[in-house]
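Colleague: I am new to this structure. Please take one part, the sheet, and walk me through it closely.

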Amino acid sequence: MRLTQIKLAGFKSFVDPVSFHVPGQLVGVVGPNGCGKSNIMDATRWVLGESKASELRGESMHDVIFNGSGNRKPAARASVELVFDNNDSRVAGQWSQYAEIAVKRVLTRDGGSSYYINNQQVRRRDVQDIFMGTGLGPRAYAIIGQGMIARIIEAKPEELRVFLEEAAGVSKYKERRRETENR
Ligand code: ATP
Ligand code: MG
């Protein structure tokens, strides 16, 4: 499973629809201060289900919607889509047959947030489900933001265990067990 495209529209500084091609396994984003590099990382975590505004460097979730500039009106909605190559069928279950998996999240100013997988509306947890145990998620280690290395080095043993369990693929089963026990 590999991320191949990131499509943004109305998300933070990316007001006009833009599509970034991710050309390889290891990709660097370079550019002057304030050009939107970190906004791309925020977009990636947001579409995967991040629900805490402060994790996206905002005060409220609406802060992810383009809020206008000198000559541009604020956008009515923010949308982010990630396209994954799934030729290795790493995404299991009902989506395993698809060679490409597109995960999208849309937020409108009236607060409506919706998620889609291959243009089919799904729940937030469906999105989280397909990535659980793959190392990719709003707070998972596949996205290494500023300060994350320090966070791992300074983590308490029980916090470190969460990273290790995700890497080993056990977190998925632990979550299932927790849900069953709470029923
Ligand atoms: P640095 O190299 O300093 O880390 P960067 O490339 O990571 O910079 P970002 O933090 O991604 O830059 O982008 C910051 C820019 O995004 C700022 O100019 C900020 O005004 C703009 N921005 C953030 N949220 C919004 C929003 N909701 N609407 C419009 N612009 C926004
Ligand atoms: Mg930055």
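Modeller: Here is the sheet, followed by the helices that lie across it. This is a predicted model: local features need pLDDT of at least 70, side-chain atom pairs count only at pLDDT 80 or more, and totals for chains, interfaces and linings use all residues. Residues are numbered from 1 along each chain as its sequence is written, while chains are lettered from A and ligands numbered from 1 in the order in which they are written.

The sheet is open and has six strands (DSSP runs of E, at least two residues, numbered from the N terminus). Their order is β2-β1-β3-β4-β5-β6, and the pairing is antiparallel. Two strands pair if DSSP finds at least two bridges between them. At the edges sit β2 (18-21) and β6 (120-122), each pairing on one side only. From one strand to the next, the twist averages 20°.

Now follow β4, residues 100-108. Nine bridges join β4 to β3, and the two run antiparallel. There, Leu-107 of β4 is the bridge partner of Ala-78. Five bridges join β4 to β5 (residues 113-117), also antiparallel. Val-106 stands opposite Ser-114 in β5. The hairpin of β4 and β5 has four residues between the strands. In this hairpin, Gly-111 takes a positive phi near 100°.

Next, the helices (DSSP runs of H or I, at least four residues). Contact means C-beta atoms, placed from the backbone, within 7 Å. Axes are lines fitted to C-alpha atoms, for helices over the stretch in contact; angles run from 0 to 180 degrees between N-to-C directions. Helix α1 (residues 37-47) lies across β1 (2-9), β3 (77-85) and β4, at about 80° to β3. Helix α2 (residues 124-131) lies across β4, β5 and β6, at about 45° to β5.

Conventions. Two residues are in contact if their C-beta atoms, placed from the backbone, lie within 7 Å.
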